[in-house]
Structures are given as C-alpha cells and as structure tokens.
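Thanks for coming. I will go through one structure today, a few pieces at a time. Please have a look at it before I start.

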Amino acid sequence: MLERLFQLKAHGTDVRTEVLAGLTTFLTMAYIAFVNPEILGSAGMPREAVFTATCLAAAIGSAIMGLYANYPVALAPGMGLNAYFAFVVVGTLGHSWQTALGAVFISGCLFLVVSILRIREWIIDAIPASLKSAITAGVGFFLALIGLKNAGLVTAHPVTFVTLGDLHHLPVLLAVLGFLAILVMEARRVTGAVLLAILGVTLAAVALGLVPFQGLFAPPPSLAPTFLQMDLKGAIDMGILSIVLTFFLVELFDASGTLIAVAQRAKLLDARGRLPRLGRALMADSTAIVLGASLGTSSTTAYLESASGVAVGGRTGLTAVVVAILFLAMLVFSPLAAMVPAYATAPALLYVAILMARGLAEVQWDDLTEAAPAAVTAITIPFTFSVANGLAFGFITYAALKLLTGRVRELPLAVAVIATVFLVKFLWL
C-alpha cells in the first residue's frame, strides 16, 4: 500500500528511510508547538487552545502535502507570520485577534484561488534559475542563523547587532558537540546521523539536569476558545486590506521559496528546473492556511526544517505523513516532546545549511545581471530574517538590471509583474 501511495522505489527510498526522515523533520520543527502559543498568547489568544490548534494545523497540513502532493515537506504555523499577527496586526494596529484570524482566512482563500487558476504555478515557474539557486543558499543561511541563535553561539548585541555567545555555557558546548557528531557520522556514512545527534544532545541535557524530566502524558487542551472564531466582517473592512495583502504576499513567497529550496535539495526538480506536481503542492499549503485559521492559529506554511529530513534521505510524502502522525501524538505526549531543547536541534539546522550553501555554485557568476540579484537574494534572506524579503529584493534587482542594461527580452513577464508589486508594497503599504 505504501509503495502504491508514495512510489518509494521510483524515488530511490524505502519505508525505514522515510520514517527516519519524518522523525528528523519533526524533531527540528516540534518547537513551534510551544513557541506559537507563547507568541499568539501575547495577542490575547488562549495559549492552551492555540497549542491544540498548532498541532492539528501542522498534522492536517503535513498530511495533505504528503498524501495529495507526495512531497517530503512538512507544514506548520510559520515563524515570522505569527509575530506579524501578534505584534503588528494586534499589538500595533489594534485589531482584535479574531479580526487578524479573519485576515489570515481571507488570504488563504486568495491563495486557493491563485493556486486553482495556476497563477501561482506560473509565478514560480518564471523564477530564473540563478534566483532559484540563490533561494536555496539563502534559505540555508537563514537556517544557519536560526541554528546559531538556538545553539547560543550567536546572541544579540546593542552595537554590532550580533556577537559571539558564551562558549563556557553548557548548552552551547552540547550544541557544538552535536554539530561535530553529525559531521563525523555523516563523513563515516552512519545512517540517521542527524537524528542520533539530536537524541544524543537531548539525553545529555536530561542527564546533566539542564532539561527536567516532565513526564509522558497530558490530556489535549480544548480547541473551543479558538475554533471558527475568525471575524470575517472585520477583516473585510477597507482599513485591513493592506494587512490581508501583506499576509498573502508573505505566505506566497515564504511557502514558494521553501518548496523550491527543499525540492532542489531533494533533487526533485526536473531537467528544466521545475517542480513536478507543483499545482498539488500549492493546493496543499493553500488549504492548510484556510484550515489553520479555522482552527485558531496564524498562517500555516511549508517549513524550512523539512530540509533536515531530506538530508537523511526523505524523498516522498511518507516523510510528511510521519510528521503529521507525530504532531497528532504530540497532543498526548506533549511533556515528552517538550524535553527536546532548541540547542539539540540547532546542529541539524547548521548541517543542512552547509548542504544548501552549495546552491551558489550554480549561479552564473560571470554575468552580473544574474549574479548580483542572486547575491542580493542570498544575503537579504538571513539578514532581514525573511524568505519573502529576500525574494522581493532579488526580484526587484533582477528586473531593474535587465531593464537598465538593455536586456529586457531576458526578463520574464511574471518577474516584471512581481517586482512591480513588491516595489509598490515597499513604497506605499
């Protein structure tokens, strides 16, 4: 049955590898079940209900991606989008969290429309090869920054923005040892090196008393306080149109950039650099946004951490289905899942970043109109802490250079349109 559903042999994989990949991806992204309630809770949302909504949204979204699109890409409420929801839409602009949920729901419906009409697929197919390679590398640098922060190797600084963390801090040392363990095991071709390192650091943290043993079981909190609580009437108000557009644009390019990056790392792109079954993948994450808002969480999107599962061999939707099952299990085993600290998953993110940085080798560095936009994209993704911003600056730079150097025939219409939309957003929204 699994062979028929996921075509494992055709993708050069097996059940054991896919399960291992699913476990690895889950462990690198399980933090969202605990971080998301804290962020959305600051906007007045009930944390317990958001925890349940987060797990269910991740499970349903990942299952749809795995079963319908057959890609090893997991979905969950996106970091960055939840912060915009809580600190900008609710905190700064003063809208209720119900209205913000309504805006997410409407943006998800728009997402569905452009996916059904294949507009989104047209946009993604039009991305130049140099930008696709840069997106992969930029996402890798983004993962590296997250990993360094989670490990405590990089911390905030009031003057230089970032600085070296305390190398005498035990969690930092454990993260460094975990990273070295991954490199040594991968060099020696040890199967499941990434997962073994994550589990090893977690066990060491428990043994050293850094992470308390929190038990095994806890009943799932009620979903009632957030289920179908979105205020659509408030969201349709003219004053929130720019918010809906912002959600839409960020969702569009965060998810699209992640799909491209993970698919390229998994070698799932065809000879023309396109993603087979792209329409199904786009429908999966579009549906997940609508369902997530209905459950009571901010935008659900494809997760960068899926690359960690791909790194250990995940190639089919079975990987995503395993992630879905584990998020459902998390509803009951939440205390156990909570024991995996961020510095235990940080080494996996750093290792994946190394693998994804190779995308820069495929950029046409002898052509400045291709090289410069690629470099801008790769640099601005981590430094603006947003895949969407990196894509925006990359598109604008690409279009401007092609126009101003008299090579307008090399500029795809979709790229010109997208660059214009981003330029308008930056100047007036």
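How are α3 and α4 oriented to each other? Keep in mind that this is a predicted model. The axes of helix α3, residues 32–41, and α4 come within 8 Å and cross at roughly 135 degrees. An angle over 145 degrees would count as roughly antiparallel, and one of 65 to 115 as roughly perpendicular. The two helices, α3 and α4, are therefore oblique to each other. Their crossing is right-handed. On the α3 side the contacts include Ile32, Ala33, Asn36 and Pro37, and on the α4 side they include Val50, Phe51, Thr54 and Cys55.

Let me stay with α4 for a moment. This helix covers residues 47–69. Is its length what one would expect? What we can ask is how far apart its end C-alpha atoms are. They are 32 Å apart, and because 23 residues at 1.5 Å a residue should span 33 Å, the two values agree. After the helix comes asparagine 70, which has a positive phi, near 60 degrees.

One residue to pick out in α4 is threonine 54. Is threonine 54 buried or exposed? Its relative accessibility is 0%, so threonine 54 counts as buried. Beyond its neighbours within four places in sequence, threonine 54 is in contact with Ile32, Ala33, Asn36, Pro37, Pro77 and Thr297. Of these, Ile32, Ala33, Asn36 and Pro37 are also listed where α3 meets α4.

Now the other helix that packs on α4. Helix α15, residues 317–330, has its axis 7 Å from that of α4, at an angle of about 160 degrees. That angle is over 145 degrees, which means α4 and α15 are roughly antiparallel. The crossing of α4 and α15 is left-handed. From α4, the residues involved include Phe51, Cys55, Ala59 and Leu67, and from α15 they include Ala320, Ala324, Phe327 and Met330. Phe51 and Cys55 also appear among the α4 residues that meet α3.

Back to α3, and to leucine 40, which sits in that helix. Leucine 40 has a relative accessible area of 0%, so it is buried. Not counting residues up to four places away in sequence, leucine 40 touches Met45, Val50, Asn82, Phe85, Ala86, Thr297 and Ser298. Its C-alpha atom is 9.6 Å from that of valine 90, although the two are 50 residues apart along the chain.

Next, helix α13, residues 278–295. It has 18 residues and reaches 26 Å from its first C-alpha to its last, close to the 26 Å expected. How many of the 18 residues of α13 are buried? The count is 13, and the helix is mostly covered. Glycine 296 follows α13 and has a positive phi, near 120 degrees.

There are strands to mention as well. Strand β2, residues 154–157, and strand β3, residues 161–164, run antiparallel and are joined by four bridges. Valine 154 has leucine 164 in β3 as its bridge partner. The two strands, β2 and β3, form a hairpin, with three residues between them.

Last, alanine 399, in helix α19, residues 387–404. Alanine 399 counts as buried because its relative accessibility is 7%, and the cut-off for buried is under 20%. Leaving out residues up to four places away in sequence, alanine 399 touches Leu411 and Ala419. Its C-alpha atom is 25 Å from that of valine 262, and the two positions lie 137 residues apart in chain numbering terms of separation.

Notes
Residues numbered from 1 in each chain as written. Predicted model: local features only at pLDDT ≥ 70, side-chain atom pairs only at ≥ 80, totals over all residues. Heavy atoms only, no water. Buried < 20%, exposed > 50% of the residue type's maximum accessible area, 1.4 Å probe, protein only. Contact = heavy atoms within 4.5 Å. Expected span 1.5 Å × (residues − 1). Pairing = 2+ DSSP bridges. Axes fitted to C-alpha atoms, helices over the stretch in contact; angles between N-to-C directions. Parallel < 35°, antiparallel > 145°, perpendicular 65-115°, else oblique. Left-handed = near helix turned anticlockwise from the far one by under 90°.
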